[in-house]
Amino acid sequence: MNQGILALVSSIGCTSAGSLQSLADAMHIPHLFIQRSTAGTPRSGCGLTRSNRNDDYTLSVRPPVYLNDVILRVVTEYAWQKFIIFYDSEYDIRGIQEFLDKVSQQGMDVALQKVENNINKMITTLFDTLRIEELNRYRDTLRRAILVMNPATAKSFITEVVETNLVAFDCHWIIINEEINDVDVQELVRRSIGRLTIIRQTFPVPQNISQRCFRGNHRISSTLCDPKDPFAQNMEISNLYIYDTVLLLANAFHKKLEDRKWHSMASLSCIRKNSKPWQGGRSMLETIKKGGVSGLTGELEFGENGGNPNVHFEILGTNYGEELGRGVRKLGCWNPVTGLNGSLTDKKLENNMRGVVLRVVTVLEEPFVMVSENVLGKPKKYQGFSIDVLDALSNYLGFNYEIYVAPDHKYGSPQEDGTWNGLVGELVFKRADIGISALTITPDRENVVDFTTRYMDYSVGVLLRRAEKTVDMFACLAPFDLSLWACIAGTVLLVGLLVYLLNWLNPPRLQMGSMTSTTLYNSMWFVYGSFVQQGGEVPYTTLATRMMMGAWWLFALIVISSYTANLAAFLTITRIESSIQSLQDLSKQTDIPYGTVLDSAVYEHVRMKGMNPFERDSMYSQMWRMINRSNGSENNVLESQAGIQKVKYGNYAFVWDAAVLEYVAINDPDCSFYTIGNTVADRGYGIALQHGSPYRDVFSQRPDF
C-alpha cells in the first residue's frame, strides 16, 4: 500500500465492505465494491451508508438486488395465491421483506421455512411429527414453492422431497439465484418433477460471433468470451465483475495519461499515523464514474448514485412432466427499465394429452350421470351434465377415457380402519385416474384426493310429496265454515217462525175462494224460497210482515253474494299450499320425518354443524336430532333413489342435492313432487383426482370452448 494505490477493488461480504468504505472515504481512495454472496446463496442488499455523496468514494459494481421486484412480477404473472418460500441457513430473510409486505397487502397466503444443512434429518422429522392429515396438507402446500438458496442446497433439497414422495407431478417450483449456471440448471431439471421455473442473471452476448471477443478497444480472453466453454460457465458472477472492474480501471488510468492530468497515487502506511487523504482521489473517482466498459457482464457503468444500473434476468422454464431429460426453454427476460419481456402464462394445452387414456369412476345420479339407451350388445353409454363437462375437456385436451360405475354405488366415506369406500376409495387405491358425478368438494375428501376448481355451485334442497287431490261431493259447502252454515239454518227457522207469529196475530185479508193458508210449514217454505231466490207462495199483505221480509231479503242478498265470491275463488285454486317453505320450516316441525343418504356429504355436513356448540344457527341441531334417530337408521336411506321412492309412497321428506331433486320433481310423470331449496351455496361440485395428480391444474384452467 505504501508504494501507491490507484483504487481499492474488493469482492467481499457486506460486513467487511463497511470497514473498507470508511477507510476509502477517509483517505479519498476510490473503492469499487463487488458484493460476493456466501457459498452462492442469493444476495441481500448491503445497505452501505451514504451520508454525503461528495464524501462517498465507494462504487457498487454489482447492480442492486432486484429479487423482490422479479419474484413479485413472476408470482403475479403465474397468479399464485398460496405458496411457501424455502431459504437456506446462509440467506438473510430480511432481503425479501419488501416482497413479503407487498404480497400480504394483495391477500396472498405465504409461508416461510428455513432449510437446515442436514436436509435428510429435516425430512425425517416431518414424517415423525406430523399426522397423516397434516402431512397431506403439507404436501398440498408444497405444490407451489419458491427456493431462495444456493444451487448445491437446492439440488439436495429437491432430491430428498422427490424421493420421499413429498411432492407430486403437478407441483410448480421457482428457483431464483443469480449464480446458477447451465450445468446447475440441467441438474435441477433432472432431479425434479412437475414444473420448474428458474430465474437467474444473464449478460447480453453480441449476436455477431466475430465480435464476441472484442469489446470496445480491448480484447477479451478467448476462453472467457466463449459461452460454451466449461471454464467460463463455472465462473462465479463476482469474478466476472472483477474482470470488468480491472478493465474499467485500466481505461480510467489510460484516460488520465492521455489528458495529462495524472496525480501521484495514494500512499498508505499502517505504521505512520499522519497519513493524509489523497489529493487526486476525487478526480480519479470522477474519471471512473464517467467512463465505462463493455466486458463479460455487458455494459459496466455507474449512475449518479454510484451504482451499476445495468442488470438483466432471464426466466427459464420446463413444462409439466415426470419424464427425465425435459427440455428447458427461455420464457422471458426482466430488467428494471422495461420490466418483464415475454409472457409466463401457460399456453393453451390443445392436444397436450393426446394419446392419454384415463380411467374414470362415477356414480349414477340424475341429471349429472345417467345411462343412456344403447344397442343390444354394445357397451353402456353415459350422459348427463357431468358427462358433458368430461366430454368438453376430452375434446379440448385430446385425451380419451374409459368410464365405469363405483362397485358399491357410493360417493365414498372413511371406514373404521381408515380406508375409504365408494368413488373416493377407487381414487385412493389408484384404481381410477379421475372421479366425476354429483361430487361435492369437502375438507375430508380433500385430505385424500385432489379436486379441480368448482365447476358448479352446490346447495341442499328438500323433496316433498304434493297433497293428493280427492273428489268431494260436498265441495260446494267449502266456502263457508260449518258453524256459519248452522247459523244460516237457524236464522231461516227463526225468521220463518216470526213470519208465522206475525200472520197469526194479524191475519192477512185473503181473497174470496183463496186456498192459501198461513200455516207454520208454509211460512218456513216461504222464508227458505226467498233465501235461495226462488220466491214464495203465501201472500203477506200486513205491514209488519213486509218490513221483516224486506230486511230478510237484504240479508239473503249479502250472504249469497259472499258465498258466490268465495266459491269462485275456491274452485280456481289448483296449487296446494304447504306450511314448509324452507329448511328452517322443515327443522321446526316433527309431523313429517326427514332424512338423507347415510354417511353422505349432506349427512356429514348436518352432523358437523349440528354437533358444533359454536354454530349460531340452531336449525342444524334440530335437523341432526331428527336425522340421527336410532343412530341414523330410522330416517336415512342407503342411496338417493331409495329416498326418492320413500317420499313418493310415504310420509317423508328427503334432504339432498338441490339440483338432483329439482330434476326429479320436473321429470316425474305423476307430478307428485315439489322442492324447497337453500339459496346459500357454501360448496361446489368438482372433479376428483388422485392425490398429487399431474392433471389437476390442466383440468382447472378455463379454456375458451
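Two strands pair if DSSP finds at least two bridges between them; helices (H or I, at least four residues) and strands (E, at least two) are DSSP runs, numbered from the N terminus. The model is predicted, local features need pLDDT of at least 70, side-chain atom pairs count only at pLDDT 80 or more, and totals for chains, interfaces and linings use all residues. Residues are numbered from 1 along each chain as its sequence is written, and side-chain values use heavy atoms, without hydrogens and water.

**Exercise 1.** Find the sense in which strands β20 and β28 pair, then place them in their sheet.

Solution.
1. β20 (residues 434-435) and β28 (residues 688-690) are antiparallel, joined over two bridges.
2. Opposite I434 stands L689 of β28.
3. The sheet is open, with five strands in the order β19-β16-β20-β28-β21 and mixed pairing.
4. Its edge strands, β19 (400-405) and β21 (449-451), each pair on one side only.

**Exercise 2.** Determine how the buried residues of helix α7 are arranged, and what covers them.

Solution.
1. D184, V185, L188 and V189 of α7 (residues 182-191) are buried, that is, under 20% relative accessible area (1.4 Å probe, protein chains only).
2. Viewed down the α7 axis, these residues fall within an arc of 135° (taken from the directions from the helix axis to the C-beta atoms), so they line one face of the helix.
3. Elements covering them include α6 (151-163), β7 (172-176), β8 (195-202) and β13 (312-317), where contact means heavy atoms within 4.5 Å.

Terms used. Buried < 20%, exposed > 50% of the residue type's maximum accessible area, 1.4 Å probe, protein only.
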